[in-house]
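Welcome, and thanks for opening the viewer. Let's walk through this structure together, one selection at a time.

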Amino acid sequence: MQTDAKDSRGWRRLFGVLGPSTNTSVQPDYDDMRPAGVTNHYSRIVVPDAQAISDETFLAGTQQIADNTVEAVRSVMTCNPHYLVMGMSAITFYGGAEGAAKFRRQIHEVAGVDLSTGSESLAAAIAAYGGVKRVAFVSPYYPVANAQVRNFLSDYGYETVRDIPLRCPSWTSIAKVDTPTLRQALHQLDGDDVDAILQVGTNLSMVRLAAAAEMWLGKPVIAINTATYWHALRANGIQDKVYGFGRLLEEF
């Protein structure tokens, strides 16, 4: 067999995708945005479905995700992916810009390949639109984690005007937040004092609603799953325009 032969399905890139085992949104979201010649290979970070979450237990639960990430990385690396896409977000915001960079370096050291993280991808997406200074965001988190997101955004020079923590009662319940709830949150976040609206929390699928909201709000509305997959594609030189998921994948 030729040593330089390409993968028959992933002839452009093989992406190793990491996500918590309780997450049911990342895998279908990323597959929906996948262009021809790119394949996604999902590796689950094993965590229990945390119940009755509070500020304290949310942080503890997300720390468990962080602790179990390396094992999932080693598992997916057995298929020799070219790149990793981190389909979890909360832990990538912790510690601000410095903490995010440290997390990325740690995973790179284990994997030996580059990666896109939720937090840094979101920052890159905001910058791609240009002209954004003041933001608002919605999350499935508890207030203690929203504070970490605000701190991260501040490190990149973005002022958070408003934010909504939905306080989902379990990890799996995040995927059950319905469109009317998210639409209401968007209306609560919007205002003349906000340049862009963000959504964080990768199990909270908002890739299509965000795209629709951009049209009726007339400003950037960025879903984290869209931002992370966009960042991974562009970092690998894949400039395909993917339609139906907003301006980010269509214009930048």
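The tour starts at the largest pocket, where α4 supplies the largest share of the lining, five residues. Bear in mind along the way that this is a predicted model.

**Stop 1: the largest pocket**

Select Gln63, Ala66, Thr69, Val70, Ile91, Tyr94, Gly99, Lys102, Phe103, Gln106 and Ile107, and you have the lining of the largest pocket on screen. The elements that give two or more residues to this lining are α2 and α4, the latter running over 96-111. The space inside the pocket comes to about 270 Å³. Try colouring the lining by class: you should find six nonpolar, four polar and one charged residues.

**Stop 2: helix α4**

Now show α4 by itself. Its 16 residues reach 23 Å from the first C-alpha to the last, close to the 22 Å expected at 1.5 Å a residue. Which residues of α4 are buried? They are Gly96, Gly99, Ala100, Ala101, Phe103, Ile107 and Ala111.

Bring back the surroundings to see what covers these buried residues of α4: the list includes α2, β3 (83-86), α3 (90-93), β4 (115-116), α5 (118-129) and α6 (143-155). Before leaving, click on Gly112, which follows α4 and has a positive phi, near 80°.

**Stop 3: aromatic pairs**

Next, show the aromatic side chains. How many aromatic pairs does the structure hold? There are nine aromatic pairs in the structure. Start with Tyr30 and Tyr229, a tilted pair with 5.1 Å from centre to centre and 35° between the planes. This pair links distant parts of the chain, with Tyr30 in helix α1 (residues 26-32) and Tyr229 in helix α9 (residues 224-235), 199 residues apart. Both Tyr30 and Tyr229 are buried.

Then select Phe58 and Trp171. Their ring centres are 5.3 Å apart and their planes stand at 75°, so this pair is edge-to-face. Here too the pair links distant parts of the chain: Phe58 is in helix α2 (residues 55-76), while Trp171 is in the loop between β6 (159-165) and α7 (179-189), 113 residues apart. Phe58 is buried, because its relative accessible area of 2% is under 20%. Trp171 is buried as well, with a relative accessible area of 7%.

For a wider view, select Phe15, Tyr30, Tyr83 and Tyr229 together: these residues form one aromatic cluster.

**Stop 4: the cavities**

Time to look for enclosed space. Rolling a probe the size of a water molecule over the atoms shows where empty space is left. The structure holds three cavities of 30 Å³ or more.

The largest cavity has about 210 Å³ of space. Of the 17 residues that line this cavity, select the closest to its centre: Pro20, Ile65, Trp171, Ile174 and Thr202. α2 gives the most to the lining of the largest cavity, with three residues. The lining of the largest cavity divides into 10 nonpolar, seven polar and no charged residues.

Move on to the second largest cavity, with a volume of about 50 Å³. To see its lining, select Tyr129, Ala210, Glu214, Val221, Ile222, Ala223, Thr226, Phe245, Gly246, Arg247 and Leu248. Which element gives the most to this lining? That is β8, with three residues. At least two residues each come from α8, β8 (221-223) and α10 (247-251). Seven nonpolar, two polar and two charged residues make up the lining of the second largest cavity.

**Stop 5: helix α8**

Stay with α8 for a moment and show residues 207-217. The buried residues of this helix are Val207, Leu209, Ala210, Ala211, Ala213, Glu214 and Leu217. Just after α8 comes Gly218, with a positive phi of about 70°.

**Stop 6: two single residues**

Ser43 lies in strand β2 (residues 38-45). Is Ser43 buried or exposed? Ser43 is buried, with a relative accessible area of 5%. Leaving aside neighbours within four places in sequence, Ser43 is in contact with Val17, Leu18, Gly19, Ala72, Ser75 and Val76.

Finish at Asp4, in the segment before β1 (13-20). Asp4 is exposed, with a relative accessible area of 61%. For a last look across the model, select Asp4 and Thr179: they are 175 residues apart in sequence and 46 Å apart in space, C-alpha to C-alpha.

Conventions: Residues numbered from 1 in each chain as written. Heavy atoms only, no water. Phe/Tyr/Trp six-rings, centres within 6.5 Å; stacked < 30°, edge-to-face > 60°. Helix = DSSP H or I, 4+ residues; strand = E, 2+ residues; numbered from the N terminus. Buried < 20%, exposed > 50% of the residue type's maximum accessible area, 1.4 Å probe, protein only. 1 Å grid on protein atoms, 1.4 Å probe; cavity = no way out; pocket = protein on both sides within 12 Å on 5 of 7 lines; lining within 4 Å. Points joined across faces, edges and corners; volume = space filled by probe spheres on them. Nonpolar A, V, L, I, M, F, W, Y, C, P; charged D, E, K, R; others polar. Expected span 1.5 Å × (residues − 1). Contact = heavy atoms within 4.5 Å.
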